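Q: I am new to this structure and would like to learn how to read its features. Where should one begin?

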Amino acid sequence: MTESKTPKKQIIPNKHPMPHQDPVERAKNFNEVALGYDEETAVAEAQRCLQCKKQPCRQGCPVEVFIPDFIKLVAERDFAGAIKKIKEKNALPAVCGRVCPQENQCEKYCTLGKKHEPVAIGRLERFCADWELAQGVLPQETAPATGFKVAVVGSGPAGLTCAADLAKLGHRVTIFEALHVAGGVLMYGIPEFRLPKRVVQAEIENLKKLGVEIITNAVVGKFATVDELMEEEGFDAVFVGTGAGLPIFMNIPGENSCGVYSANEFLTRTNLMKAYLFPDWDTPIKVGRKVAVLGGGNVAMDAARTALRLGAEESWIVYRRSEKELPARHEEVENAKEEGVKFAFLTSPTQIFADDNGWVKGMECLRYELGEPDDSGRRRPVPIPGSEFTMDVDTVVVAIGQTPNPLVPRTTRGLELGRKGNIVADPETGATSKPGVYAGGDVVTGAATVILAMGAGRIAARSIHDYLMNKKAQS
Amino acid sequence: MFRILDKQVLSPVIKQMVIEAPLVARKCQAGQFIILRIHEEGERIPLTIADFDREKGTITLVFQEVGKTTIQLGSLEAGDSIRDFVGPLGTPSHIEKFGTVICVGGGVGVAPVFPIARALKEAGNHVIGIMGSRTRELMFWEDKMREVCHELFVTTDDGSYVRKGFVTDVLKEVIEERGKDNIAMVLAIGPQPMMRACCNLTREYGIKTVVSLNSLMVDGTGMCGCCRVTVGGRTRFVCVDGPEFDGHEVDFAELARRSATFRVEEQRAMEHHQCRCGQGCGGGR
Ligand SMILES: Cc1cc2nc3c(=O)[nH]c(=O)nc-3n(C[C@H](O)[C@H](O)[C@H](O)COP(=O)(O)OP(=O)(O)OC[C@H]3O[C@@H](n4cnc5c(N)ncnc54)[C@H](O)[C@@H]3O)c2cc1C
Ligand SMILES: Cc1cc2nc3c(=O)[nH]c(=O)nc-3n(C[C@H](O)[C@H](O)[C@H](O)COP(=O)(O)OP(=O)(O)OC[C@H]3O[C@@H](n4cnc5c(N)ncnc54)[C@H](O)[C@@H]3O)c2cc1C
Ligand code: SF4
Ligand code: SF4
Ligand code: FES
């Protein structure tokens, strides 16, 4: 095909719509909401791409996926070639295609997006990855064994990517994961209806095929420290990708009432422990009639949509800024609205009331207005004095953020830490202040994104490899 | 999978199991716990490490059958396996030479008291043990406790064994007899009302009292906040900041309310389980 060279091609202004499960139907089930493009739609969408010489879209992608190249291959129906192209840069395309905040990344910079809608890069990436999963992923090649042993702590996107890359370079990799399944937030946080767990598990199966050993139920800092892994267990290097799992609470009166959950608890019970299948699965969850979710990020959207699926009559997002500042992915905000999630903007709670049994029966809130811009560049929410009112709710989910879990930082000797308890690591190499120990993902940056965590895992794998090769050269 | 090497029935509702878990046994210390999940659909439940053998790589658990998971666990036999087993979790007990310490175990709480009493004895303390249960049938580990305590007092609520009285009655007598200034610390582990009663008593005497809390939990690593409890006016996580806390500072009323969060669901889980296995025998799948 020579289409890219045809100067005047007809521009299709809009993305091909993503087929979705009907909103009324899906708000009652946990099946995936976005159904994915079929081949014809994917090819047609790929043909919208202008194949820009300067490739602005690539600069928007944190790992610089070869976007025009893979899209061209899709347009040419060479799906195998396309997925191979993507994987040169992105180890988890089935995940990123689904959960990347594309509107702030690749698609934000797409030339088409200036006048029309950008190319649906994320959807195409997902299409290619799903196509490959359906075909059965071919085993990847690994370099001859180097004899080095590397421990990866945590099996979120950062750890998984780092492990895959190191295994391909011929190192013996063992992942230690605290929970009973691997995958990190991809398994316990992001709900099934947005990221089916079979997609994550397929990625993990690939990893095992590369020879990576995954030890679940292994909390580093408890059964062994990072120092012990290196000194007693013979690991030549360690990558720490333990994420940002520590929930932040509001510290308002009544927050320990029954019916107040951290988003982590709410989502872990539902996703990891499958409370939505209770009592066939043993772990319970309880949502009342009216649920308030505090926060405005992806985590909050996931919790609010999960609440509806668990049978809540009303599910509210309570956010102290306005709609424009919502940090969640645009697509998920739209999906949430369609499903019936309600929004109380410029609102924040001051206390939670409980009944005689200790159960939530209401929440006092203040209204806010937007003032001067703050450090983040967003206008600061300022409470309006005397604007107190009570929201009639019986369940509250706190989704205002997470910080790194202190377990590994606290038990590792000589690890420099940042102000928020994060591990300090060189963004160029992933190296920490401790020789042989590397870190990346949310434990370094604080809660961020899948693609950034993945990118950090990849960078660290490269430096760990260099470190080990150096070590070999010196010995 | 984690193999059950041995099972003992200590009383009709209290069972003891030795589990093969070398990674946990290697590092665990008195006061720590594990979380297990019996099978794929199972709940994660916390149980205290009642004893361990580093050489053999085993952990001993003692548990009371109170609901779906513990009943199902109790139906397993030596040779069966448990799907998930993670630990050691929680902060180990603070062990040093305090002087004379009283270790109080109520009901199944005797099991978690045992390794702590042993560690306290090894650290050179004079250890006075008090163990109590509702009735004689529920009493276990008297011999083991005797080994790790310099003195041991035994009581039953109904007087069916040794004497009649609550552990708090015995505790009061011992404190009165020895004098409050001669007791450096009290450790109390058992049902929440018992720990609360011990704390109310020792508060009057001004004796430092440590309790081990059994809140609801999910992950056990500080990730979910399900286990939060107010101690000294601050929210703490039992799984990482505890499970041991200064009993005089614990908000027991809040802990009791939070523990009851899923009472209705727990009942449903039991009924669902029983109708599935036929007779409420607690049989596994
Ligand atoms: C509900 C929710 C929705 C999200 N939605 C999006 C989205 O739509 N798009 C997006 O890009 N990002 C999203 N994110 C953010 C994204 O998931 C994270 O940025 C990303 O997962 C970070 O990856 P990580 O590998 O650093 O850590 P994690 O994914 O957090 O994984 C860390 C792993 O380490 C394990 N671990 C922790 N401590 C130890 C220890 N001591 N020993 C052994 N193992 C340990 C943990 O159990 C966990 O499995 C979302 C996050 C949440 C919670
Ligand atoms: C750190 C810690 C150590 C523990 N050690 C022991 C021990 O050594 N031996 C022992 O018999 N029990 C111990 N427990 C309590 C034990 O975890 C519960 O009895 C068990 O989870 C009940 O599960 P179930 O499904 O059988 O009953 P459920 O039907 O779930 O509950 C029945 C009763 O148990 C309480 N309960 C339920 N889930 C939990 C939970 N996750 N944690 C605490 N209580 C719960 C409920 O409030 C209810 O009253 C410990 C708890 C904690 C937190
Ligand atoms: S990885 Fe994310 S940002 Fe990069 S191209 Fe794919 S969807 Fe876009
Ligand atoms: S910027 Fe848009 S149109 Fe241009 S190459 Fe990238 S995806 Fe295609
Ligand atoms: S059990 Fe989840 S934080 Fe303690």
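A: One may begin with a single contact in this predicted model. An oxygen atom of ligand 2 lies 2.9 Å from a backbone N or O atom of Thr69(B). Taken alone, ligand 2 exposes 840 Å², and the protein buries 88% of that.

Q: Which residues have polar backbone atoms 2.9 Å from a nitrogen atom of ligand 2?

A: Val62(B) has a polar backbone atom at 2.9 Å from a nitrogen atom of ligand 2. Ser215(B) likewise places a polar backbone atom 2.9 Å from a nitrogen atom of this ligand.

Q: How many residues surround ligand 2, and which are the closest?

A: The shell holds 22 residues, and the closest are Pro46(B), Thr48(B), Gln64(B), Thr70(B) and Ser215(B). By class, the shell around ligand 2 is made up of 11 nonpolar, 8 polar and 3 charged residues.

Q: Which element gives the most to the shell around ligand 2?

A: S4(B) gives the most, with 4 residues. In chain B, strand S4 (45-48), strand S6 (58-64), H2 and H9 each supply at least two residues of that shell.

Q: How is the surrounding of ligand 1 to be read, and which residues come nearest?

A: The approach is to list the neighbours and then to examine single contacts. Of the 35 residues around ligand 1, the nearest are Val99(A), Glu177(A), Arg194(A), Val220(A) and Asp442(A). Two of these names return at the level of atoms: a polar side-chain atom of Glu177(A) lies 2.6 Å from an oxygen atom of ligand 1, and a polar side-chain atom of Arg194(A) lies 2.8 Å from an oxygen atom of ligand 1. The backbone takes part too, with an N or O atom of Ala178(A) at 3.1 Å from a nitrogen atom of ligand 1. Taken alone, ligand 1 exposes 1000 Å², of which the protein buries 95%.

Q: Which elements give two or more residues to the shell around ligand 1?

A: They are helix H9 (157-168), helix H14 (298-309) and helix H18 (450-474) of chain A. H14(A) gives the most, with 3 residues. By class, the shell around ligand 1 has 19 nonpolar, 11 polar and 5 charged residues.

Q: What residues lie around ligand 3?

A: The residues around ligand 3 include Cys61(A), Cys96(A), Cys100(A) and Cys106(A). Also among them are Asn90(A), Gln102(A), Gln105(A) and Glu125(A). By class, this shell has 7 nonpolar, 3 polar and 1 charged residues.

Q: How is the size of an interface expressed, and what is the value here?

A: The size of an interface is often given as the accessible area lost when the parts come together. Between chain B and chain A, the buried area is about 3800 Å², with carbon and sulfur atoms giving 55%. Met223(B), Arg228(B) and Phe262(B) supply 17% of the area that chain B buries against chain A, more than any other three residues. As for contacts, 49 residues of chain B touch 42 residues of chain A.

Q: How many salt bridges and polar contacts join the two chains?

A: There are 4 salt bridges between chain B and chain A. One of them pairs Lys68(B) with Asp282(A), whose closest N and O atoms are 2.6 Å apart. Polar contacts between the chains number 22 residue pairs, both residues being at pLDDT 80 or more. By class, the side of chain B that touches chain A has 15 nonpolar, 15 polar and 19 charged residues.

Methods. Residues are numbered from 1 along each chain as its sequence is written. Chains are lettered from A and ligands numbered from 1 in the order in which they are written. This is a predicted model: local features need pLDDT of at least 70, side-chain atom pairs count only at pLDDT 80 or more; totals for chains, interfaces and linings use all residues. Side-chain values use heavy atoms; hydrogens and water are left out. Contact means heavy atoms within 4.5 Å. Buried area is the accessible area (1.4 Å probe) that two parts lose on being put together, summed over both. A salt bridge is a side-chain nitrogen of Lys or Arg within 4 Å of a carboxyl oxygen of Asp or Glu. A polar contact is a pair of N or O atoms within 3.5 Å; within protein, one must be able to donate a hydrogen and the other to accept it, and residues adjacent in sequence count only if both atoms are side-chain atoms. Ala, Val, Leu, Ile, Met, Phe, Trp, Tyr, Cys and Pro count as nonpolar, Asp, Glu, Lys and Arg as charged, and the others, Gly among them, as polar. A residue is near a molecule or strand if one of its heavy atoms lies within 4 Å of it. Accessible areas come from the Shrake-Rupley method with a 1.4 Å probe; for residues, only the protein chains shown count as cover.
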